[in-house]
Amino acid sequence: MFSILIIDDDSTTRALLQRTLQKQGYTVSVASNGALGIEQAVQLRPALIICDWMMPQMDGLEVCRQVKADPKLATTFFILLTSRGASEDRVKGLDTGADDFLAKPVDMDELKARVRAGLRIYQLTQDLQSKNQVLENLTQDLQAQKALLEGEFLEAADYVRSLLPPVLTGDPSIDHRFIPSSQLGGDCFDYYWLDPDYLVMYLLDVSGHGLGAALPSIAVLNLLRSRSLEDVNFYQPNQVLEALNEVFQMSDQNEKYFTIWYGTYNRDTRKLTYASAGHPPALLLSGTDANSVQIQRLRTQGLPIGMLPNSKFVNASCVVEPNSALYIFSDGIYEIHQKDGTAWHLDGLAELVTQHRINYPQDLNQFLEQIKLRTSKFAFDDDVSLMQVNFS
């Protein structure tokens with residue numbers, strides 16, 4: 001069973017967190033200040049630490065710094081408990097080594113969810129370290145090394161998949177597919193209701209492959225899902241993109257940048273407002289038969305997130321007609337080599353989407369099978385993410 005250490009100078013908070021997590025079956029220890037917390041961390045080597053940011057003598061940042069500097073504790077998942085919501089504060093916490101944040105006052109459901117997610121990452125890191133040690137001892141068997149690494153990527157892909165939202169029913173309804181390539185990439189997407197009338201939907205793609213690309217995409221998802229960007233109107237896509245651009249500058253993210261398409265839909269007015277940052281256009285199809293289907297490419301100008309500070313982004317909008325469908329995707333779905341050796345492209349995808357809309361409007365599996373028939377390889381070269389939004 002995982003062990004958890006809570007470090008907080010407030011006895012009420014300590015008791016509340018300890019009782020809640022013990023009910024979840026975890027082994028929980030507590031410390032009333034930073035110095036005692038570090039002593040217990042060295043002794044217990046917990047899987048996860050929840051530490052208050054603001055404490056006398058030694059604050060949470062210093063505790064985090066010392067914990068992460070200890071090789072025996074470096075993989076411990078560290079959550080900062082804080083009422084500080086400014087982006088620069090969160091960047092400071094991330095730079096110190098914090099893995100996640102939990103806002104005060106603490107919502108118990110959010111606490112449980114973040115602890116579960118943190119322990120999954122901790123377990124994955126432990127597994128990776130263990131497997132890497134095995135790989136070092138098996139230098140004679142390159143095939144075994146390859147198999148083990150692929151297994152780790154599959155585990156990471158399973159974790160990313162566990163964070164994705166469930167299928168949305170109602171009006172609009174949303175179905176989706178996530179197909180990780182043999183090399184895990186940085187695709188991620190989400191959608192949820194900002195209020196009873198406004199639905200937000202977005203899809204992002206971090207540059208590169210491997211855990212180095214997957215982890216930033218998870219960080220963005222958690223940041224947007226918790227609405228932790230300060231002074232941002234989440235109903236305005238351009239404001240969201242500008243705030244993300246300030247937080248995730250590639251110079252501070254191991255030279256990683258990402259593209260994103262972000263939109264909000266008002267189901268009363270049927271108005272879709274959107275902005276994009278270097279991302280492929282979303283495809284909006286209206287009409288249901290061969291003579292009436294019309295397709296719009298929804299995209300705005302903007303550099304990928306993280307390339308340049310102070311970048312500005314613009315909104316665009318359209319009214320969605322009844323019985324329309326919106327397709328949001330990553331470029332891995334159309335950047336493929338066909339069997340005849342030629343490269344496929346966005347125009348080919350738009351044509352296939354139109355055919356799909358006429359013949360198989362509700363079957364995403366059939367749509368993906370049609371794409372796979374065009375490729376010369378067994379698997380996609382890059383992650384493939386696809387969202388289909390149906391408007392009644």
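**Exercise 1. The largest pocket**

How many nonpolar, polar and charged residues does the lining of the largest pocket have? Describe this pocket in the predicted model.

*Solution.*
- Step 1: by class, 26 residues of the lining are nonpolar, 13 are polar and 9 are charged.
- Step 2: the lining comprises 48 residues, and the space in the pocket is about 1200 Å³.
- Step 3: the residues nearest the centre of the largest pocket are Leu 94, Ala 98, Asp 99, Leu 215 and Ala 219.
- Step 4: at least two lining residues come from each of helix 4 (87–96), strand 5, helix 5, helix 6 (142–163) and helix 7.

**Exercise 2. The second largest pocket**

Determine which element supplies the largest share of the lining of the second largest pocket, and sort the lining by class.

*Solution.*
- Step 1: the volume of the second largest pocket is about 260 Å³.
- Step 2: its lining consists of Asp 100, Glu 110, Ala 113, Arg 114, Ala 117, Arg 120, Ser 162, Leu 163, Asn 222, Arg 225 and Ser 226.
- Step 3: helix 5, helix 6 and helix 7 each give at least two residues to this lining. The largest share, 5 residues, belongs to helix 5.
- Step 4: the classes are 3 nonpolar, 3 polar and 5 charged residues.

**Exercise 3. Arg 225 and its partner**

Arg 225 is among the residues that line the second largest pocket. Find the residue with which the Arg 225 side chain meets in a salt bridge, and place both in the chain.

*Solution.*
- Step 1: the partner is Asp 190, with an N to O distance of 2.9 Å.
- Step 2: Arg 225 belongs to helix 7 (residues 211–225) and Asp 190 to strand 7 (residues 186–193), so the salt bridge links distant parts of the chain, 35 residues apart.
- Step 3: Arg 225 counts as partly exposed because its relative accessibility is 35%. Asp 190, at 2%, is buried.
- Step 4: elsewhere, Asp 100, Glu 110 and Arg 114 are joined into one network by salt bridges that share partners. These three residues also appear in the lining of the second largest pocket.

**Exercise 4. Two further salt bridges**

The structure holds 8 salt bridges. Describe the pair Asp 52 and Lys 104, then the pair Arg 65 and Glu 62.

*Solution.*
- Step 1: the closest N and O atoms of Asp 52 and Lys 104 are 3.6 Å apart. Asp 52 is in strand 3 (residues 48–52), and Lys 104 is in the loop between strand 5 (100–103) and helix 5 (108–136), so this salt bridge ties together parts 52 residues apart in sequence.
- Step 2: Asp 52 is buried at 4% relative accessibility, while Lys 104 is partly exposed at 34%.
- Step 3: for Arg 65 and Glu 62 the N to O distance is 2.6 Å. Both lie in helix 3 (residues 60–69); they are 3 residues apart, so about one helical turn separates them.
- Step 4: Arg 65 has 41% relative accessibility and counts as partly exposed. Glu 62 is also partly exposed, at 26%.

**Exercise 5. A nonpolar surface patch**

Which residues form a nonpolar patch on the surface? Locate Leu 303 and classify its exposure.

*Solution.*
- Step 1: the patch is formed by Leu 303, Met 307 and Leu 308, which together have about 250 Å² of accessible area.
- Step 2: Leu 303 sits in the loop between strand 12 (294–298) and strand 13 (316–319).
- Step 3: the relative accessibility of Leu 303 is 38%, so Leu 303 counts as partly exposed.

Technical notes. Residues are numbered from 1 along each chain as its sequence is written. This is a predicted model: local features need pLDDT of at least 70, side-chain atom pairs count only at pLDDT 80 or more; totals for chains, interfaces and linings use all residues. Side-chain values use heavy atoms; hydrogens and water are left out. Patches are made of residues with over 30% relative accessible area and no salt bridge: like charges are joined within 9 Å, nonpolar side chains (Val, Leu, Ile, Met, Phe, Trp, Tyr) within 5 Å. Accessible areas come from the Shrake-Rupley method with a 1.4 Å probe; for residues, only the protein chains shown count as cover. A salt bridge is a side-chain nitrogen of Lys or Arg within 4 Å of a carboxyl oxygen of Asp or Glu. Helices (H or I, at least four residues) and strands (E, at least two) are DSSP runs, numbered from the N terminus. Buried means under 20% relative accessible area, exposed over 50%, partly exposed in between (1.4 Å probe, protein chains only). On a 1 Å grid over the protein atoms alone, a cavity is a set of points where a 1.4 Å probe fits but cannot get out, and a pocket is an open set with protein on both sides within 12 Å along at least five of seven lines; lining residues have an atom within 4 Å of a point. Grid points are joined across faces, edges and corners, and a volume is the space filled by probe spheres set on the points. Ala, Val, Leu, Ile, Met, Phe, Trp, Tyr, Cys and Pro count as nonpolar, Asp, Glu, Lys and Arg as charged, and the others, Gly among them, as polar.
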